[in-house]
Amino acid sequence: VCSSDLMQLAFQQVCPVPFANVLNVDFTIDNTSFDKGNTMVEVNLYDISGRKVYSRQLTAQHSGLNSLQIPTQQLASGIYTLSVSNAQTTIVQKVVK
């Protein structure tokens with residue numbers, strides 16, 4: 001696979017920090033050969049023990065800025081790991097509630 005064919009992911013903003021009832025996630029998908037205009041992205045949130053507490057597959061995500069609101073009111077205070085991935089790339093960020 002040529003590097004120009006890879007879809008790169010990057011966090012633009014994850015807020016608020018610390019979060020309370022909602023975690024806002026803004027991420028970009030950058031692909032210069034993004035012909036079809038969309039891709040599937042999986043978003044997961046894990047607690048400190050590694051247990052998956054949120055999972056969502058987002059279809060038809062477009063190249064450029066994408067946004068998601070994760071409902072978090074049921075989560076206990078603590079440190080969580082946010083993961084966003086597509087077929088080629090996974091990005092990870094620690095977040096605090």
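Q: Two strands pair if DSSP finds at least two bridges between them; how do you know that β6 and β7 pair?
A: β6 and β7 are joined by 7 bridges in the antiparallel sense, which meets the minimum of at least two, so the two strands count as a pair. One of these bridges links serine 85 to threonine 90 in β7. The two strands form a hairpin, with 4 residues between them. Strands here are DSSP runs of E with at least two residues, numbered from the N terminus.

Q: What are these values based on?
A: The model is predicted: local features need pLDDT of at least 70, side-chain atom pairs count only at pLDDT 80 or more, and totals for chains, interfaces and linings use all residues. Residues are numbered from 1 along each chain as its sequence is written, and side-chain values use heavy atoms, with hydrogens and water left out.

Q: How do you know that β3 and β6 pair?
A: β3 and β6 run antiparallel and share 5 bridges, so the minimum of at least two is met here too. Valine 43 is opposite valine 84 in β6.

Q: Why is the pair of phenylalanine 19 and tyrosine 80 called tilted?
A: Rings of Phe, Tyr and Trp (its six-membered ring) pair if their centres lie within 6.5 Å; planes under 30 degrees apart are stacked, over 60 edge-to-face, and the rest tilted. By this rule there is 1 aromatic pair. The ring centres of phenylalanine 19 and tyrosine 80 are 6.1 Å apart and their planes stand at 55 degrees, so the pair is tilted. Phenylalanine 19 is in the loop between β1 and β2 and tyrosine 80 in strand β6, so the pair ties together parts 61 residues apart in sequence.

Q: Why is aspartate 30 called partly exposed?
A: Buried means under 20% relative accessible area, exposed over 50%, and partly exposed in between (1.4 Å probe, protein chains only). Aspartate 30 has a relative accessible area of 49%, so it is partly exposed. This residue is in strand β2, and its C-alpha is 5.7 Å from that of serine 63, 33 residues away in sequence.

Q: What makes a set of residues a nonpolar core?
A: Its members are buried Ala, Val, Leu, Ile, Met, Phe, Trp, Tyr and Cys residues joined through side-chain atoms within 4.5 Å. The largest such core has 22 residues; among those touching the most other members are Val25, Val43 and Val84. The largest share, 4 residues, comes from β2. Contact means heavy atoms within 4.5 Å; leaving aside neighbours within four places in sequence, valine 25 has contacts including Phe11, Leu68, Ile70 and Leu82.
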